[in-house]
Amino acid sequence: MKIEVLEKDERNMRLLIRETDVPYVNALRRIAISEVPCLAIGEVVIIENSSILQDEMISHRLGLIPLKTDLDSYNLPEECECKSEFGCNLCRVTLTLDAEAKEGTRTVYSGELVSENPEIVPVSDKIPLIKLAKEQRLRLEAYARLGKGKNHAKWQPVSKCTYKYLPKIEIYSKRCDGCGKCVDICPRKVLAKSQDKIEVRDLMACILCQDCVKACPQNPKAIEVSGDENTFVFNIESTGALPPERVLAEAVKILDKQLEQFENDLKVKKDED
Amino acid sequence: MIIPIRCFTCGKVVGDSWEEFARRVKAGENAGEVLDSLGIKRYCCRRMLLSHVEIIDEVLRFYEEAEKRKEARNFY
Ligand code: SF4
Ligand code: SF4
Ligand SMILES: [Zn+2]
Ligand SMILES: [Zn+2]
């Protein structure tokens with residue numbers, strides 16, 4: 001397997017993965033979505049709420065705020081040594097909020113949450129939590145814990161995790177008369193016409209929709225689009241909880257662990273026979 | 001009621017873009033272009049902002065009016 005980084009920034013990553021197959025890449029995608037843990041608020045104690053939103057709605061909003069996650073210093077609640085339902089310092093982060101509208105109506109932002117661990121903070125300070133009219137007040141304590149996307153979407157570290165085959169476009173210049181129909185119909189502007197020839201301008205943008213092939217008046221078609229079934233364009237967009245490369249690294253680790261577990265289970269079965 | 005924190009479909013955080021989006025669209029900019037510049041690409045996320053009505057502002061008006069009346073009463 002060969003991996004090439006096409007694009008990468010704080011939140012997004014686009015990779016070209018060669019010499020692998022769908023089962024492996026799809027396993028990584030599914031694990032990134034549903035198994036890689038991240039922190040999210042799970043329990044909220046409302047001390048005072050004179051706002052116009054119900055406690056439940058505020059708790060729900062709090063839960064959806066992605067928190068910067070430190071996977072190395074926190075444990076999953078079910079794996080933590082404390083075995084306590086309430087959690088300990090290694091599996092729980094407490095955040096507090098005390099907001100009051102003294103002057104007049106104002107918006108309370110995610111940045112006003114005070115965390116006991118300065119590393120574990122909302123990914124953005126600008127998320128509106130609630131609006132308070134004058135003299136309304138909101139005081140609460142929230143407990144964030146690690147969790148997995150398969151239990152609730154708030155624990156999903158990625159907002160997009162997709163892959164597609166690397167497109168392969170072939171133009172047979174003998175049959176092509178340069179009518180340009182394929183160029184016009186392409187929704188992603190992949191093709192371009194230069195003099196009487198068709199050129200591939202941006203191969204990666206192709207979504208394999210085959211519209212260009214259908215539009216081609218030649219018989220047999222002068223253009224052919226297919227996907228390379230062993231090469232993938234893999235796309236990750238993190239919610240900000242974890243860097244995208246960390247999400248992928250964790251996914252690989254979890255897959256290895258699950259395979260090992262599966263192998264052990266099989267062995268136990270064999271011994272029993 | 002109030003802008004959702006995340007996109008209902010994909011889970012991208014959109015709440016933090018709302019105020020800038022609403023301000024710029026009100027100032028006359030093209031909504032699609034504002035969304036592009038905010039980096040909101042997918043149509044699931046774009047509809048979150050495009051179709052949102054901040055009803056909480058309307059509800060809060062009742063509380064603001066009540067507050068004003070209370071102040072007026074105290075004044076006279
Ligand atoms: S398959 Fe679709 S996206 Fe790809 S080049 Fe043809 S029309 Fe464009
Ligand atoms: S539609 Fe077919 S014939 Fe026309 S330019 Fe494209 S490939 Fe050539
Ligand atoms: Zn613990
Ligand atoms: Zn979306």
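I started at one residue pair: A:Glu170 stands opposite A:Glu224, which belongs to strand 12 of chain A. I note before going on that the model is predicted.

**Sheet around that pair**

I looked up how strand 9 and strand 12 (residues 223-238) of chain A run, and they pair in the antiparallel sense over 13 bridges. I then traced the sheet, which is open, has 4 strands in the order 1-2-12-9 in chain A, and is paired antiparallel. Which strands stand at the edges? They are strand 1 (2-8) and strand 9 (158-171) of chain A; each has a single partner strand, so one side of each is left without a neighbour in the sheet. I took the turn between neighbouring strands of this sheet, direction ignored, and the average is 30 degrees.

**Helices on the sheet**

I checked what lies across these strands. Helix 1 (residues 22-34) of chain A crosses strand 2 (12-18), strand 9 and strand 12 of chain A. I have the angle of helix 1 to strand 9 of chain A at about 155 degrees. Helix 5 (residues 244-272) of chain A also lies across strand 2, strand 9 and strand 12. For helix 5 I noted an angle of about 105 degrees to strand 12 of chain A.

**Chain A as a whole**

I counted 5 helices and 12 strands in chain A. The radius of gyration of chain A is 25 Å, well over the 19 Å that the globule rule gives for 273 residues, so chain A is more spread out than a compact globule. I recorded the span of its C-alpha trace along the principal axes as about 75 × 70 × 25 Å. The domain assignment splits chain A into domain 1 (2-34 + 159-236) and domain 2 (38-151). I took the centres of the two domains over C-alpha atoms and found them separated by 42 Å. Buried residues make up 32% of the 273 in chain A. Of the contacts in chain A between residues at least 6 apart in sequence, 68% join residues at least 24 apart.

**Backbone details in chain A**

I found a cis peptide bond between A:Asn219 and A:Pro220, with omega about -5 degrees. A:Pro220 sits in the loop between helix 4 (211-215) and strand 12 of chain A.

I also looked up positive phi values outside glycine. A:Gln195 has phi near 50 degrees and lies in the loop between strand 10 (191-194) and strand 11 (197-200) of chain A. Is A:Gln195 buried or exposed? With 6 other C-beta atoms within 10 Å, A:Gln195 is exposed. A:Gln210 has phi near 70 degrees and is found in the loop between strand 11 and helix 4 of chain A. I counted 12 other C-beta atoms within 10 Å of A:Gln210, so this residue is exposed.

**Chain B**

I turned to chain B, which has 4 helices and 0 strands. Its radius of gyration is 17 Å, whereas a compact globule of 76 residues would be near 11 Å. I put its C-alpha atoms in a box of roughly 55 × 25 × 15 Å along the principal axes. Of its 76 residues, 29% count as buried. Residues 24 or more positions apart account for 51% of the contacts in chain B with a separation of 6 or more.

**Contact between the chains**

How many residues does each chain bring to the contact? I found 17 from chain B and 21 from chain A. On the side of chain B that touches chain A, helix 4 (residues 55-75) of chain B gives the most, with 6 residues. I sorted the residues of that side of chain B into 10 nonpolar, 2 polar and 5 charged.

Key:
Residues numbered from 1 in each chain as written. Chains lettered and ligands numbered in written order. Predicted model: local features only at pLDDT ≥ 70, side-chain atom pairs only at ≥ 80, totals over all residues. Domains from an automatic or database assignment. Helix = DSSP H or I, 4+ residues; strand = E, 2+ residues; numbered from the N terminus. Rg over C-alpha atoms; globule rule 2.2 N^0.38 Å. Buried ≥ 20, exposed ≤ 12 C-beta atoms within 10 Å, placed from the backbone. Contact = placed C-beta atoms within 7 Å. Pairing = 2+ DSSP bridges. Axes fitted to C-alpha atoms, helices over the stretch in contact; angles between N-to-C directions. Nonpolar A, V, L, I, M, F, W, Y, C, P; charged D, E, K, R; others polar.
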